[in-house]
Structures are given as C-alpha cells and as structure tokens.
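Visitor: I have a structure to look through and would be glad of some company. Could you walk me through it?

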Amino acid sequence: MEAERPSIAAVAALDDEVRHALYRCVRDARRPITREQAAAEVGISRKLAAFHLDKLVTVGLLRARYHSGGRIGRAPKVYELSGDDVSVCLPARRPALLAEILLGAVLTTGGSERPDRAAHRVARDYGERLGAAERERVRPGRLGAERALALAGSVCERYGFEPGPSESGAVRLRNCPFHPLAARAPELVCGVNQQFLSGLLNGLGARGVDAVLEPSPGECCVELRRSAAP
C-alpha cells in the first residue's frame with residue numbers, strides 16, 4: 001500500500017479543476033513556464049497559480065527550479081513536468097517489472113538455453129539483488145525462519161503481493177502483481193514469479209524459507225513457507 005500512496009495523491013490532486021488546467025498548461029507548453037505565464041494561460045491570479053503549481057510539485061507531477069534565462073535580477077521560478085509516470089491500479093500490478101525481466105532474458109539468452117529458462121534465471125538474479133540490497137539496508141543479522149518470513153513479507157508488500165498469514169504459519173501472497181499476464185501464460189509467468197521470490201529469499205539470507213508454487217484462485221501462485229526439515 002505504501003508504494004501506491006504517491007500515485008493516489010497525484011491523481012487526487014488533478015481532481016481539482018484549477019490544478020488540472022495548470023497541469024495541462026505546463027504539459028502542453030513543452031518547456032518550463034513561470035507562474036505568471038501559467039496564470040495568464042488559465043485565467044487566474046498569479047498568487048492562486050503559485051499555490052496550485054506548488055501543490056503539483058509536492059505530489060510529484062511537476063518540478064520547479066529557478067531559471068534566469070540571461071536576465072538581470074532575481075531568477076523567476078519555472079515549472080516543468082517531473083518526468084515521472086503516474087498510474088494507479090488496485091490491486092497493485094507490476095507489468096514493468098515483468099517486462100524488465102523478460103527483456104533481460106531476451107538480451108542474455110545464448111546457446112541452447114530455452115527462453116523460459118532464461119526468464120527464470122534473470123528473475124532469480126533480479127530478486128537476489130533486491131534481497132541483498134534490503135539486507136544491506138536493514139542489517140538483520142542471522143535470520144531464523146520466523147524473522148525471515150516477516151522480512152520477506154515486508155519486501156513483498158512493497159511490490160504489491162499483499163502478504164498475509166495462513167493457517168499453516170506460511171505467508172500467503174494474496175495478490176499477483178503480474179496478473180492478468182499470469183492468466184495468459186501461467187507456466188512462464190508463475191515460474192518467473194517463483195524464481196524472483198526464491199532469489200529474493202536468497203538475497204535476504206532467509207535460508208529457512210522457501211518460495212513454493214501453491215496456486216490458489218484469485219491469489220498469487222507462490223507461498224512463502226518454512227523449509228521442510230531435512
């Protein structure tokens with residue numbers, strides 16, 4: 001949910017007619033514009049334009065800077081698009097992550113390696129790098145199964161998996177960030193999903209936890225559970 005809030009705030013900001021008009025004005029200009037220029041274009045006061053433009057900066061739709069343009073005296077504040085894409089999908093989807101993994105597979109497949117195996121390899125490497133970065137950030141020390149499940153669940157939450165406890169003590173992932181593509185090619189996409197999460201666990205150092213394929217209607221195909229005793 002945390003990752004969705006900035007996008008939701010940005011979309012909510014555009015529900016205001018004045019802010020929407022100012023955003024369109026900046027977008028259509030294709031160049032940085034001043035408060036005065038935006039106010040004149042929309043037909044409002046400079047003060048009101050400044051208030052709403054700065055709101056759009058706060059939610060990440062615009063960015064502001066001072067630009068002299070060769071003028072003498074105080075540089076005017078100008079506004080331009082932030083360059084960030086804004087989208088809201090509930091529940092969360094991550095098509096860009098899947099696309100990045102599949103692109104990596106296409107670019108690195110060689111020899112006799114099958115395309116699906118290449119995608120699984122790239123997904124595992126991606127997840128492992130992510131897990132290692134998180135481990136470096138939180139420095140959790142030696143992880144038992146319970147703490148490993150909690151840490152892995154917190155990372156999965158940020159990626160839209162919606163983790164929750166199951167009756168067996170495992171972490172059930174109640175949302176598939178790769179849906180509806182998983183429904184079109186379940187063997188490929190679910191395999192990518194499992195390898196991504198296996199890599200994540202390995203990067204975290206969560207050696208007492210496995211990412212197990214456990215498909216359930218309306219949920220992710222993978223469950224995080226304690227490793228079976230040897």
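Guide: Happy to; below we go through sheets, salt bridges, a surface patch and a few single residues of this predicted model.

Visitor: Let's begin with the open sheet of 3 strands. In what order do the strands lie?
Guide: The sheet is open, and its pairing is antiparallel. β2 is joined to β3, residues 77-81, by 5 bridges. Read across the sheet, the order is β1-β3-β2.

Visitor: Which strands stand at the edges of that sheet?
Guide: In the order β1-β3-β2, look for the strands that have a single partner each. One side of each of these is left without a neighbour in the sheet, so they are the edge strands: β1 (33-34) and β2 (62-66).

Visitor: And which residue stands opposite L62?
Guide: β2 and β3 run antiparallel and share 5 bridges. Residue 62 is where β2 (62-66) begins, while β3 covers residues 77-81. The residue of β3 opposite L62 is L81.

Visitor: What angle does helix α2 make with β3?
Guide: Helix α2, residues 17-29, packs on the sheet. The helix touches β1, β2 and β3. Its direction and that of β3 make an angle of about 80°.

Visitor: Staying with β2, is A64 buried or exposed, or something in between?
Guide: A64 lies in strand β2, and its contacts beyond four places in sequence are V57, K77, V78 and Y79. The relative accessibility of A64 is 32%. Buried would need under 20% and exposed over 50%, so A64 counts as partly exposed.

Visitor: How far is A64 from D116, taking C-alpha atoms?
Guide: Along the chain, A64 and D116 are 52 residues apart. In space, their C-alpha atoms are separated by 45 Å.

Visitor: On to charges. How many salt bridges does a search of the whole structure find?
Guide: Side chains of opposite charge can pair when their charged atoms come close. One such pair here is E113 with R121, at 2.9 Å from N to O. The two are partly exposed, E113 at 26% and R121 at 30%. Over the whole structure, the number of salt bridges found is 14.

Visitor: Which helices does the salt bridge of E36 and R46 link?
Guide: The side chains of E36 and R46 meet at 2.7 Å, N to O. The partners are 10 residues apart, E36 lying in residues 35-42 and R46 in residues 46-58. E36 is partly exposed at 41%, and R46 is partly exposed with 41% too. The helices linked are α3 and α4.

Visitor: In the pair E219 and R172, which residue is buried?
Guide: These side chains form a salt bridge of 2.8 Å, N to O. It joins the loop between β6 and β7, where E219 sits, to strand β5, which holds R172, 47 residues apart. E219 is partly exposed at 29%, whereas a relative accessible area of 9% falls under the 20% limit for buried. The buried partner is R172.

Visitor: Which residues are joined with R172 in one salt-bridge network?
Guide: R172 has a salt bridge to E219, and it also stands opposite E223 in β7. Salt bridges that share partners extend the group into one network. Joined with R172 are E214, E219, E223 and R225.

Visitor: How many bridges pair β6 with β7?
Guide: β7 has 2 bridges to β5, running antiparallel. With β6 the pairing is antiparallel as well, and A211 has L224 in β7 as its bridge partner. The number of bridges between β6 and β7 is 5.

Visitor: Which residues form a nonpolar patch on the surface?
Guide: Helix α5, residues 95-108, holds V106, which counts as exposed at 63% relative accessibility. V106 shares the patch with two leucines, and together they have about 340 Å² of accessible area. The patch is formed by L103, V106 and L107.

Visitor: Last one: what is the relative accessible area of H120?
Guide: H120 is found in helix α6, residues 115-138. Leaving out residues up to four places away in sequence, H120 touches E187, L188, G191, V192 and Q195. H120 counts as buried, because its value is under 20%: the relative accessible area is 19%.

Conventions. Residues numbered from 1 in each chain as written. Predicted model: local features only at pLDDT ≥ 70, side-chain atom pairs only at ≥ 80, totals over all residues. Heavy atoms only, no water. Pairing = 2+ DSSP bridges. Helix = DSSP H or I, 4+ residues; strand = E, 2+ residues; numbered from the N terminus. Contact = heavy atoms within 4.5 Å. Axes fitted to C-alpha atoms, helices over the stretch in contact; angles between N-to-C directions. Salt bridge = Lys/Arg side-chain N within 4 Å of Asp/Glu carboxyl O. Buried < 20%, exposed > 50% of the residue type's maximum accessible area, 1.4 Å probe, protein only. Patch = residues over 30% accessible without salt bridge, like charges linked within 9 Å, V, L, I, M, F, W, Y side chains within 5 Å. Areas by Shrake-Rupley, 256 points an atom, 1.4 Å probe, with all protein chains shown as cover.
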